[in-house]
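Hi everyone, thanks for coming. I'd like to walk you through one structure today, starting with its empty spaces and ending with a few backbone oddities.

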Amino acid sequence: MLGGHQRLGHSQIVSAQQRIWETFQQIYGRRPVVGVRSPGRINLLGEHTDYNGGPVLPAAIDRAIWLAAAPRADGRCRLWACDYGEGCDIESMPNGPVAQPSWANYLLGVLAEMRWPGGVDVAFGGDLPIGAGVSSSAALENATALAANELFSLGYTRLDLLRVAHRAENHFVGVSCGIMDMLAGMMGRKNTFIHLDCQTLTWEYLPFEAPDLAFVLCHSGVERRLVASEYGVRRRECEQGLAILRTLDPGLEALSKATPALLEVAKDRMPKVVFRRCRYVVEEVARVAAAVEALRHSNHSTLGTFLYQTHEGLRTDFEVSCRELDFLVEQATRHPGCLGARLMGAGFGGCTLNLVHQSEALGFIAQLSEAYARAFSRPLPTWVVRPSDGAEVVFSD
Ligand code: GLA
């Protein structure tokens, strides 16, 4: 992975991509036939709302996985992870996830969902941080789906492909995530946020033309060990809340559609913890609606305030934060150049998202890095990212 906190310049992007194409040739002794770029994502607002049928506001970013592939006649699947310097050779479609290497399952899951369209040699890698909550797994799944579609002329639409990637993560990898990450990575557009309704899978694009602002990611470095178990617990608590709400309103489609008034009436029927989870979701849904208006009017200071509010909800009601993330957000409030900050993604570690005046970004990073090192005796990896185009086929011979 490339380090540092600067935005990648054109030459660095070319070299990241070049590195993958060249590694492919070294490993397999031939040229790749298809090359794809598949980005990670940020999410402005709408956290833990996707699996509640609610709205989200993600964007693809200018950090990506590049994947090179060529077909094989013998049906085998050879995979190489350039950043790990490690590969594997799979003879035929596996029935379930392989034990090692675990990263192979993101690719195998997608190929299995596509009914193993043919043998393939693959090499991939890039500059997208792994395990930082910017959806490197969805990026790899999207990349595989896009490359296989191109390589074997399968004729899937982009919507089909991201659904394949989502099913692969749910059924093969076994993580019951929502669809936001795949959709953002596949459908993103430069300088644009995606206002997605996860219930209907319809969306609109909201331009974000603000060259004076920067999105800074600060990586707590906390391993997201709890995500696997606690994410599932949160999902079940939300489902429990929905079931109770439906005793009052049987037609209620999803938790995200509950009104604050309905929730208040249901309060006494719910365990306290379930009520707090539901309250967070209902408030977050309202915040996304308000944020969409703020985006339309380029009201960026209001957006920043929403980021802080979302963090507060995630910390207190939804309880997916941790000491390090709270510290980073608290430090962000102290910097005059920061409009808003919050933990981003599932939580329990990973990154904070900070909306910062461009001219203050370096000072902001320096101040937080110093404070973080002092408090936790560890460095603070940071990245400045921009809303960018979604996954694309870079070449196809
Ligand atoms: C993870 C999941 C997403 C979403 C977020 C929380 O990133 O992959 O589907 O649920 O957590 O908003």
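Before I get to volumes, one definition: on a 1 Å grid over the protein atoms alone, a cavity is a set of points where a 1.4 Å probe fits but cannot get out. Please also keep in mind that what you see is a predicted model.

Let's begin with the enclosed spaces. How many cavities of 30 Å³ or more does the structure hold? There are two. The second largest has a volume of about 30 Å³, and the largest contains about 50 Å³ of space.

Take the largest cavity. Its lining is made up of L67, A69, L111, V120, V122, T144, A147, A148 and L151. Three elements give two or more residues to that lining: β3 (58-72), β6 (119-126) and α3 (136-151). Of these, α3 contributes the most, with four residues. And what about chemistry? Eight of the lining residues are nonpolar, one is polar and none is charged.

Now the second largest cavity. If you'd like to find it on the screen, look for F208, A210, L213, A214, F215, V385, R386 and P387, which line it. Strand β9 (residues 213-219) supplies the largest share of this lining, three residues. The class count here is seven nonpolar residues, no polar ones and one charged.

So much for closed spaces; on to the open one. The largest pocket encloses about 1,000 Å³. Its lining takes in 49 residues, and those nearest the centre are Y106, S136, S137, E169 and R224. Among the elements, β6, α3, α5 (180-187) and α6 each provide at least two residues of the pocket lining. You may recall that β6 and α3 also came up for the largest cavity. By class, the pocket lining has 25 nonpolar, 15 polar and nine charged residues.

Let me zoom out to the whole chain. The protein has eleven helices and 14 strands. Its C-alpha trace spans about 65 × 50 × 40 Å along the principal axes. Does the overall size fit a compact globule, or depart from one? With 397 residues, such a globule would have a radius of gyration near 21 Å, and the protein has 21 Å, so the two agree. Of those 397 residues, 57% count as buried. For the contact-map fans: taking contacts with a separation of 6 or more, 73% are between residues 24 or more positions apart.

Two helices deserve a closer look, and I'll start with α6, residues 227-248. It has 22 residues, which at 1.5 Å a residue should span 32 Å; the end C-alpha atoms are 32 Å apart, so expectation and model agree. Its buried residues are V227, Y231, G232, R234, R235, E237, C238, G241, L242, I244 and L245. If you were scanning for charges, R234, R235 and E237 are among the buried ones. The cover over the buried residues of α6 includes α7 (260-266) and α8 (272-296).

The other helix is α9, residues 300-316. The same kind of check works here: 17 residues at 1.5 Å each should span 24 Å, and the end C-alpha atoms lie 25 Å apart, which agrees. Buried in α9 are H300, L303, G304, F306, L307, T310, H311, G313 and L314. They pack against β9, α8, α10 (323-333), β10 (338-343) and β11 (351-357). So β9, which we met at the second largest cavity, turns up again as a packing partner of α9.

Finally, the backbone. Most residues other than glycine have a negative phi, and most peptide bonds are trans. Here are some exceptions. A cis peptide bond joins Q100 and P101, with omega about -15°. P101 sits in the loop between β5 (86-90) and α2 (104-113).

Next is W116, which is not a glycine and yet has a positive phi of about 50°. W116 belongs to the loop between α2 and β6. Is W116 buried or exposed? Its relative accessibility is 14%, and the cut-off for buried is under 20%, so W116 counts as buried.

S153 also has a positive phi, near 45°. S153 is located in the loop between α3 and α4 (158-173). With a relative accessible area of 64%, S153 is exposed, the cut-off for that being over 50%.

That's my tour; I'm happy to take questions.

Note on methods: Residues are numbered from 1 along each chain as its sequence is written. This is a predicted model: local features need pLDDT of at least 70, side-chain atom pairs count only at pLDDT 80 or more; totals for chains, interfaces and linings use all residues. Side-chain values use heavy atoms; hydrogens and water are left out. On a 1 Å grid over the protein atoms alone, a cavity is a set of points where a 1.4 Å probe fits but cannot get out, and a pocket is an open set with protein on both sides within 12 Å along at least five of seven lines; lining residues have an atom within 4 Å of a point. Grid points are joined across faces, edges and corners, and a volume is the space filled by probe spheres set on the points. Ala, Val, Leu, Ile, Met, Phe, Trp, Tyr, Cys and Pro count as nonpolar, Asp, Glu, Lys and Arg as charged, and the others, Gly among them, as polar. The expected span of a helix is 1.5 Å times one less than its number of residues. Buried means under 20% relative accessible area, exposed over 50%, partly exposed in between (1.4 Å probe, protein chains only). Contact means heavy atoms within 4.5 Å. The radius of gyration is taken over C-alpha atoms; the globule rule is 2.2 Å times the number of residues to the power 0.38.
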